[in-house]
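This report covers one helix, the pockets and one buried residue. The sequence and structure come first.

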Amino acid sequence: MPELVYPPVIAACKTMFRVLDLKITIEGAHHVPRTGGAVMAANHVSYLDFIFCGLGAQESRRLVRFMAKESVFTHKVSGPLMRGMRHISVDRTAGTDSYNVAVDALRRGEVVGVFPEATISRSFTVKSLKSGTVRMAKEAGVPVLPVALWGGQRLWTKGRPRTLTRRHVPITILIGEPIDPADYAYAGRMNAELKSRLIALVDRAQREYPDQPAGPDDTWWQPVHLGGTAPTLEEAAALEAARLQRAAEKV
């Protein structure tokens, strides 16, 4: 089928980034295969992460099919775009169907994008990873590429107002060496390796990031271990639990 939606969306995003003069750095793009299936597994700090992760595949001329929660597909604005770009809807209460769709896409030679933390990390550090990422890679026999994203949280992240008109923000995209599922007898060991590589890549992206907070009121986007005031992993988990409790009470 012809790609009628994805290329114009990419062009529009690139135009917006030029207007905002975002300082985008991409390293390791050569790891994205030009043909054949692969999983791009990224950390999650921003609502814009799928755009930045997808940029990492542009050098290889690949269009990434991202797995995203079902509500994004039912939204009146984002829904038609997501379906038009052939992304994969995920019903978190019954994920088997979306898992099978992703495996089929990988076997057809697609690149599938996944955020194995499942939700945005409020601590801006790598949380525990869901095992579905490595399980689908093993089942389809394709590599997993760890991807570190950093900087997007300054534009739009959970619990903060959107600042989509902010200019000159550096964005870092680091794509690590592929992890071959054939090297791991068990998905658990492969998942541990993926987390280890993601942590190392994210740590490098954070420490080499060219910007620093502008002052005491601008430290929110830095993790605690780098002197920032983002919640710790434990505090972030408590915030997320409280959010889920409030949502449950509204039902």
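In this predicted model, helix α1 has five residues named as buried: Tyr6, Ile10, Cys13, Phe17 and Leu20. Viewed down the axis of α1, its buried residues fall within an arc of 95°, so they line one face of the helix. That face packs against three elements, namely β1 (23-27), α2 (49-55) and β3 (64-69). Arg18 and Val19, on the other side of α1, are exposed.

The length of α1 can be checked against its residue count. Helix α1 runs over residues 6-20, which makes 15 residues. At 1.5 Å a residue, α1 should span 21 Å, and the C-alpha atoms at its ends are 21 Å apart, so the two values agree. Just after α1, Asp21 takes a positive phi of about 55°.

**Pockets**

Rolling a probe the size of a water molecule over the atoms shows where empty space is left. The table sets out the two pockets by volume and by the class of their lining residues.

| Pocket | Volume | Nonpolar lining | Polar lining | Charged lining |
|---|---|---|---|---|
| Largest | about 1600 Å³ | 25 residues | 12 residues | 9 residues |
| Second largest | about 160 Å³ | 4 residues | 4 residues | 3 residues |

Which residues lie nearest the centre of the largest pocket? They are His44, Met67, Ala68, Lys69 and Val72, out of 46 residues that line the largest pocket. Several helices and a strand contribute to this lining: α1, α2, β3, α3 (70-74), α4 (78-84), α5 (96-107) and α6 (132-140) each supply at least two residues. Helix α1 therefore has two roles in this description, as its buried residues pack against α2 and β3, among others, while α1 also supplies at least two residues of the lining of the largest pocket.

The second largest pocket is lined by residues from two parts of the sequence. Thr119, Ile120, Ser121, Arg122, Ser123, Lys127 and Ser128 are among its lining residues. Leu233, Ala236, Ala237 and Glu240 also line the second largest pocket.

**Asn191**

Asn191 lies in helix α7, which covers residues 187-207. Is Asn191 buried or exposed? With a relative accessible area of 13%, Asn191 falls under the 20% cut-off and is therefore buried. Leaving aside residues up to four places away in sequence, Asn191 touches Leu129, Lys130, Ser131 and Val134.

How values were computed: Residues numbered from 1 in each chain as written. Predicted model: local features only at pLDDT ≥ 70, side-chain atom pairs only at ≥ 80, totals over all residues. Heavy atoms only, no water. Helix = DSSP H or I, 4+ residues; strand = E, 2+ residues; numbered from the N terminus. Expected span 1.5 Å × (residues − 1). Buried < 20%, exposed > 50% of the residue type's maximum accessible area, 1.4 Å probe, protein only. Arc of directions from axis to C-beta. Contact = heavy atoms within 4.5 Å. 1 Å grid on protein atoms, 1.4 Å probe; cavity = no way out; pocket = protein on both sides within 12 Å on 5 of 7 lines; lining within 4 Å. Points joined across faces, edges and corners; volume = space filled by probe spheres on them. Nonpolar A, V, L, I, M, F, W, Y, C, P; charged D, E, K, R; others polar.
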